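Open your viewer and get ready to select residues by number. We will take the tour one stop at a time.

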Amino acid sequence: MLEALLLSLIQKLDINYGEDEINEEKEKVIKEMREILDIVRDKKLEEGRSLNFLACDLVDVVDDALDLFRIGEIYRSIHSWIREIKKRMLKLGDDESHMRSSQNVDDDADVVGFEEDVKMLLRKRIIGGLETRRIVLVKGMSGIGKTTLAREIYNHPTVVERFKRRLWVSNVTHFTIKELLIKLIQQVEDPHPSSSLENMDNQSLRDMLRQHLLGTRYLIVLDDVPKPMYLHSFLRALPREYDGSRLLLTSHTRNMNIDNIDVHHMKPLDSKKSWQLFLKTINHGNKLTGEHKFPMKLEHMGKQMLRKCGGLPLAIKEVGKQLAEKKVSGESEWEQLLESVDFGSTLKLLEPFYHKLDPELESCFLYMSFFKENTTLRAKKLAHIWIAGGVVDSTHRFKSYLNDLVNDSFIEVMDKSTEYRMNVVLHMLSIQKAEEKLGFEILRSNGNNRPSESPRHHRVIICSRDKFNYSTDQDKLLVSLFFHGGGYLDTSPSYWKSFELLKILDLEDFGLKILPETIGTLMELRYLGLRNNYIKELPDSFGCLENLEVLDIAQNFLVEVPDIIWEMRSLHHLYLSDVICRKPSKIDALQLLVTLTYVSVDNWTYELSDLKMLTRLRKLGIEELDGSSDVSKLFVSLALLENLEHLILRGYRFRSMPCLDEIGVLHNLQTLKLDGLLARLPNNVPPNIKSLTLVNSCLDEDPMPLLEKLPELKYLKLRNAYTGQQMVILPEGFPSLEVLCIEELWNLRNVQYELGAMCFLEKLEIHDCPCLDTLSDVVERMFWVKEIKMVTTKSIATKARNSDSIYDLTNREYQFMS
């Protein structure tokens, strides 16, 4: 019977719809359906409850696909859900333990640190909100408290009073759409025989649930919704009429393929709230007697230990329970326990989160183990290392994978949109899994490192002042080598000769002073990171690194660069700063260059024939500009770089930069950063600029009247760029601006904003503007802005937090810090 159904569905799909993209998506769906048919035949699956559920979902999703294809539309989630059904069918004959029942949502649980989240969600998204049916997503990594927060909302007295029907389904990640519908119907129609519901198709179940919900204000909570679930099918069960009802989802991902969804991002607990939860867990939750309670004299040591929990409630509770179970009495025993806390049980609990990773993202996650814990990583560095290691094959693919990791809560975006960080507990998990799957190891210079029995391909060496005892037994197999620690590396020159396959070598922030000549023997090296060290000179042997694609020696003050560097023709990305060249540079010889930052304006090449060779150069940084620099000649030369999109101009120390009016000839420029003193802004900013950053410009005149006329500008950052007290933004100003960042404008007191300006602004950040206390007046009128962050004085931050006019506005996130 199931075979006949699948054949019928495939036949329905096998129609030409005329559009190439639609037909391509259709072929993917058909391919998955045929593989499902093979599974059914090969495994000889018997008709049963689980198979029935999956078959009903298949019929549902194929019918939707047919409707969409006919009108020329695609929902990627359709293909994802069919693929998920295929995976579940593969497991049917082996293990059906994934069938779970809903948990009791009234179970007591330790709740600390969610007060503001509860208040904000109730006020802005659950009780208050726009006059439409609202879908709210609580998003965050596993163990961060999504379920606990949803439970607090679900059981809140205001919610109980407001919503006539409250429905909850847990562990949605294990359910089909049909199971989900049945679970909800059983909560509104009790008793109802399960067998009769199971014999109904999805459409009949949707009709039944809709009838029960009509005319009542309801709150439905779906806890732990998986990424591939085809929620469009479920949403059709909800009444279309608006009556203030809400659908609250919790998930680790925001890729729900649903329009008009409000996202609430769960953040880790700060140190104060982490400590409160720890004490509540260890002293109260486990009901320890007085003599066994945690001694407050060890508070500092306890807080140091909690840093390893990364503000993750799951980890804090596990540590607290682990310590409480020991039931020690003396301070010395507590001290020993704090020093030997085992996070193994926490990592075990996070295993399911790791298994939610898409297969193509797994290597990206495992590569995060190479970096220091809790470190902030530049997107460019991640891209270079992933590409050099073969994890991704292009910058485009890198951006896609990076966005997926952010959307799925595996890494977080820092203040700058180009910097990222992984939670320290997830970092521990990445190390554990990299050791299992990648052949990864961590060696310490002050420890007894045992030789590994299995081949090692990736290594981190943590150095101290102790002599490093190293072995070269497995060095020939290493692909990547990272050094962390204190800059003391006592190795013989022959050490570097053993790395025959090494592609990635990273010594960033290591404090290194001297590079050995034998580093030139690393013939397979693709990435060499030497940023932020004390290196004074690069050895001539660098010329032997003929496969090197990325060389980063930025932030090494006055490092001497040999002439041979201009013959390293494989270089794609070259990061310099304050370098000394023995002879004039030959930049034109590096024809594969995509990135070059920074080169002195005196070392730039101006020959027409030379510049024509730099056809791939997209990002360029030029430094040491001052009043004597011939910028007219510079801009004429830069105009010949047809693919130049990103330009950074940096002044020479504390001298003023020259007049930049002629920069307008760079018509293709999209990103511009000016770092240094300016008497005034250039009159002719390139019209296609999408991103503009002004740093240390110290302008006397308000820059807004000029900048607000840029038609394509989407991102604007001003840091120590203006010394005046007032900014004026006129109606229709900044017609495309999406992000505005204002930092270190020490004298700014007022922003005069006129209605009709910045209509597409999504994010507003204000840092260190201590005199700007009129934010609430401006923000109240900018009701469409989704995210607001302000770091300022305590009094101004308190005033902003207490402003009802700000917090009454919906669909936005706030962060006020003093």
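Which residues are linked in a network of salt bridges? Select Arg 378, Lys 381, Asp 506, Glu 508, Arg 531 and Asp 552, and you have the network on screen. Keep in mind as you look around that this is a predicted model.

**The whole view**

Now zoom out. The protein has 818 residues, and 53% of them count as buried. Colour by secondary structure to find 26 helices and 29 strands. Turn on the surface next: about 37,000 Å² is exposed, with carbon and sulfur atoms supplying 47% of that area. Contacts also reach across the sequence. Among contacts with a separation of 6 or more, 59% are between residues 24 or more positions apart.

**Stop 1: a lysine in helix H2**

Select residues 20-43, which make up helix H2, and pick out Lys 26 within them. Is Lys 26 buried or exposed? Its relative accessible area is 4%, under the 20% cut-off, so Lys 26 counts as buried. To see what surrounds Lys 26, show Leu 13, Asp 14, Ile 15, Asn 16, Tyr 17 and Phe 69, which it touches, leaving aside residues up to four places away in sequence.

**Stop 2: salt bridges**

Side chains of opposite charge can pair when their charged atoms come close. Across the whole structure, a search finds 38 salt bridges. Let us visit three of them.

Stay with helix H2 for the pair of Lys 86 and Glu 32. The closest N and O atoms of this salt bridge are 2.9 Å apart. Glu 32 belongs to helix H2 and Lys 86 to helix H4 (residues 76-92), so the pair ties together parts that are 54 residues apart in sequence. Both Lys 86 and Glu 32 are buried.

Next, select Glu 198 and Arg 49. Their closest N and O atoms are 2.9 Å apart in a salt bridge. Glu 198 is in helix H9 (residues 194-198) and Arg 49 in helix H3 (residues 49-70), so this bridge ties together parts that are 149 residues apart in sequence. The partners differ in exposure: Glu 198 is buried, at 17% relative accessibility, whereas Arg 49 is partly exposed, at 45%.

For the third, go to Arg 618 and Glu 645, whose closest N and O atoms are 3.2 Å apart. Here you should look in loops. Arg 618 sits between helix H21 (608-611) and strand E19 (619-625), and Glu 645 between helix H22 (631-638) and strand E20 (646-651), so the pair ties together parts that are 27 residues apart in sequence. Arg 618 is partly exposed at 38% relative accessibility, and Glu 645 is partly exposed at 32%.

**Stop 3: aromatic rings**

A pair of aromatic rings is described by the distance of the centres and the angle of the planes. The structure has 15 aromatic pairs. Select Tyr 354 and Phe 365: their ring centres are 5.7 Å apart and their planes meet at 45°, so this pair is tilted. Tyr 354 is in helix H16 (residues 344-355) and Phe 365 in helix H17 (residues 359-367), so the pair ties together parts that are 11 residues apart in sequence. Tyr 354 and Phe 365 are both buried.

Now move to Trp 496 and Phe 499. With centres 6.0 Å apart and planes at 55°, this pair is tilted too, and both residues are buried. For a bigger group of rings, select Tyr 367, Phe 370, Phe 371, Phe 440 and Phe 482, which form one aromatic cluster.

Rings can have charged neighbours as well. Show Arg 166 over the face of Tyr 154, 4.5 Å from the ring centre. Then return to Arg 531, a member of the opening network, and find its charged end over the ring of Tyr 575, 5.8 Å from the centre.

**Stop 4: the nonpolar cores**

Which residues touch the most other members of the largest nonpolar core? They are Phe 483, Leu 505, Trp 604, Leu 620 and Leu 638, in a core of 101 residues. Helix H22 gives the most to this core, with 4 residues.

Centre your view on Leu 505. Residues it touches include Leu 481, Phe 483, Ile 519 and Leu 522, and another is Trp 496, which you met in the tilted pair with Phe 499.

Finish at a second, separate core, which has 90 residues. Select Val 118, Val 341, Phe 353 and Val 391, which are among its members.

Conventions. Residues are numbered from 1 along each chain as its sequence is written. This is a predicted model: local features need pLDDT of at least 70, side-chain atom pairs count only at pLDDT 80 or more; totals for chains, interfaces and linings use all residues. Side-chain values use heavy atoms; hydrogens and water are left out. Helices (H or I, at least four residues) and strands (E, at least two) are DSSP runs, numbered from the N terminus. Buried means under 20% relative accessible area, exposed over 50%, partly exposed in between (1.4 Å probe, protein chains only). Contact means heavy atoms within 4.5 Å. Accessible areas come from the Shrake-Rupley method with a 1.4 Å probe; for residues, only the protein chains shown count as cover. A salt bridge is a side-chain nitrogen of Lys or Arg within 4 Å of a carboxyl oxygen of Asp or Glu. Rings of Phe, Tyr and Trp (its six-membered ring) pair if their centres lie within 6.5 Å; planes under 30 degrees apart count as stacked, over 60 as edge-to-face and the rest as tilted. A charge sits over a ring if NZ of Lys or CZ of Arg is within 6 Å of the ring centre and within 35 degrees of the ring normal. A nonpolar core is a set of buried Ala, Val, Leu, Ile, Met, Phe, Trp, Tyr and Cys residues joined through side-chain atoms within 4.5 Å.
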